[in-house]
Amino acid sequence: MEEILKNLPKKAQEQHQTNKKFFVKLKKRPPKNLDYIMQELHEAEFENTDCLQCANCCKTTGPLFTSADIERIAKHFRLKPQQFINQYLRLDEDHDYVLQKVPCAFLGADNYCSIYEVRPKACRAFPHTDRKKFHQISALTLKNVAICPAAFSIVEEMKKRLKKEFNF
């Protein structure tokens, strides 16, 4: 896994222009069954991917915390929401709550999340490759392929499949 993670940013950079062009096309002319295809590719990839072997998302990036996330996690720690914010979060340039620092404070040495049951919505959905209206999140996906080996594989597989089926 270390070798894969070491090479991932370079591989993502090499594919960036191709992916960018592909997503522009996809946004203009999304296949009717794109969400179904993405769900299928996502499920197939995660049958063979163990996030506990990687946890690169938790080590290198942080999620946005919604108000509901903050309330839920603060309650888990028996803190007031403001106490949780003060201890773990900061406002970013877009005025969204994010972690004060990465790697995530809730990530253990064994790659397990200490707040897994109450983790933020963004963590639950990462890498967002099975999201409805997938064609609308191309900018996010372009970032995620450099972070998540599974997202990289899913996008590569999507390009192959859509080129074959839809002449993309």
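A salt bridge here is a side-chain nitrogen of Lys or Arg within 4 Å of a carboxyl oxygen of Asp or Glu. By that rule, the side chains of Glu14 and Lys10 form one, at 3.5 Å from N to O. The model is predicted. It holds five salt bridges, eight helices and two strands.

**Overall build**

- From the N terminus, the elements run α-α-α-α-α-β-β-α-α-α.
- The C-alpha atoms fill a box of roughly 55 × 35 × 30 Å along the principal axes.
- The radius of gyration is 17 Å. A compact globule of 168 residues would have a value near 15 Å, and the two agree.
- Of the 168 residues, 37% count as buried.
- The protein exposes about 10,700 Å². Carbon and sulfur atoms supply 52% of that area.
- Among contacts with a separation of 6 or more, 71% join residues 24 or more positions apart.

**Salt bridges**

- Side chains of opposite charge can pair when their charged atoms come close.
- Glu14 and Lys10 sit four residues apart in helix α1, which spans residues 2-28. That spacing is about one helical turn.
- Both partners of this pair are exposed: Glu14 has 51% relative accessibility, and Lys10 has 58%. The cut-off for exposed is over 50%, so Glu14 qualifies with its 51%.
- Asp69 and Arg72 form another salt bridge, with N and O 2.6 Å apart. Both lie in helix α4 (residues 67-76). They are three residues apart, about one turn of the helix.
- Asp69 is buried, at 1% relative accessibility. Its partner Arg72 is partly exposed, at 28%.
- Glu157 pairs with Lys160, and their closest N and O atoms are 3.8 Å apart. This pair lies in helix α8 (residues 149-166), again three residues apart and about one turn of the helix.
- Glu157 is partly exposed at 39% relative accessibility, whereas Lys160 is exposed at 53%.

**Largest nonpolar core**

- The largest nonpolar core has 21 residues. Phe23, Leu26, Met38, Phe134, Met158 and Leu162 touch the most other members.
- Helices α1, α2 (34-48) and α8 are the elements that give two or more residues to this core.
- The top contributor is α8, with seven residues. Helix α8 also carries the Glu157 and Lys160 pair.
- Met38 touches Thr129, Phe134, Ile154 and Met158, leaving aside residues up to four places away in sequence.

**Second core**

- A second core is separate and has 15 residues. Among them are Ala55, Phe65, Tyr88 and Ile115.

**Helix α5 and its cover**

- Helix α5 covers residues 81-88, and its residues Phe84, Ile85 and Tyr88 are buried.
- These three residues lie on the same side of α5, because they cover an arc of only 100° around the axis.
- The cover over the buried residues of α5 includes helix α4 and two strands, β1 (89-91) and β2 (97-99).
- Helix α4 also holds the salt-bridge partners Asp69 and Arg72.
- Tyr88 appears twice in this account: it is a buried residue of α5, and it belongs to the second core.

Note on methods: Residues numbered from 1 in each chain as written. Predicted model: local features only at pLDDT ≥ 70, side-chain atom pairs only at ≥ 80, totals over all residues. Heavy atoms only, no water. Buried < 20%, exposed > 50% of the residue type's maximum accessible area, 1.4 Å probe, protein only. Core = buried A, V, L, I, M, F, W, Y, C linked by side-chain atoms within 4.5 Å. Contact = heavy atoms within 4.5 Å. Arc of directions from axis to C-beta. Rg over C-alpha atoms; globule rule 2.2 N^0.38 Å. Areas by Shrake-Rupley, 256 points an atom, 1.4 Å probe, with all protein chains shown as cover.
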